[in-house]
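Student: I am new to this structure and would be grateful for a close look at one part of its surface. Please also set that part within the whole chain.

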Amino acid sequence: MFLTMALLRKGIPGKQWIGKYRRPRAITWQMKRNMVNQLEREAENEYWISRPYMTAEQEFCHAAERRAQSWLKIKESRFSKFPEHKYIADHLSHLNTTKTWSS
């Protein structure tokens, strides 16, 4: 069936690069080179990831102090942006023009 369609039709129906009957893409030497480079890079990454710098005992809680200090910095910066306390007396002080009833 595919051979019949290929022989009797002029070309690929619809868009030639997408769909079920799309045109096969030619593999160039640049594509092969890029794929080989990518596979080499992945192999090197896998090599370095498989050999840890620290042991599990050294890695346990090694950054706890630094994380605590960075959290304190974040907390202080948030509190510095926080507005000052406002009291109800400050909001209603404009009503105290005369204190005839309280004095």
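**A nonpolar patch and its setting**

Tutor: The model is a predicted one. Let us start with the part itself and then turn to its surroundings. Three leucines, Leu3, Leu7 and Leu8, together make a nonpolar patch on the surface, with an area of about 390 Å². Of these residues, Leu3 deserves a closer look. Leu3 belongs to helix 1, which covers residues 2-8. Is Leu3 buried or exposed? Its relative accessibility is 60%. Since a residue counts as exposed when this value is over 50%, Leu3 is therefore classed as exposed.

The wider setting comes next. The protein contains five helices and zero strands, so that, read from the N terminus, the order of elements is α-α-α-α-α. As for overall dimensions, the C-alpha trace extends over about 110 × 50 × 25 Å along the principal axes. The radius of gyration is 36 Å, whereas a compact globule of 103 residues would have one near 13 Å. Among the 103 residues of the protein, 1% are buried.

The surface as a whole can be described in similar terms. The accessible surface of the protein amounts to about 11100 Å², and carbon and sulfur atoms account for 59% of that area. Charged groups are present too: there are 19 positive and 10 negative side chains. The centre of the positive set and the centre of the negative set are 19 Å apart.

To return to the starting point, the patch is formed by Leu3, Leu7 and Leu8, and Leu3 sits in helix 1.

Note on methods. Residues numbered from 1 in each chain as written. Predicted model: local features only at pLDDT ≥ 70, side-chain atom pairs only at ≥ 80, totals over all residues. Heavy atoms only, no water. Helix = DSSP H or I, 4+ residues; strand = E, 2+ residues; numbered from the N terminus. Rg over C-alpha atoms; globule rule 2.2 N^0.38 Å. Buried < 20%, exposed > 50% of the residue type's maximum accessible area, 1.4 Å probe, protein only. Areas by Shrake-Rupley, 256 points an atom, 1.4 Å probe, with all protein chains shown as cover. Lys, Arg positive; Asp, Glu negative; His and termini not counted. Charge placed at Lys NZ, Arg CZ, Asp CG, Glu CD. Patch = residues over 30% accessible without salt bridge, like charges linked within 9 Å, V, L, I, M, F, W, Y side chains within 5 Å. Salt bridge = Lys/Arg side-chain N within 4 Å of Asp/Glu carboxyl O.
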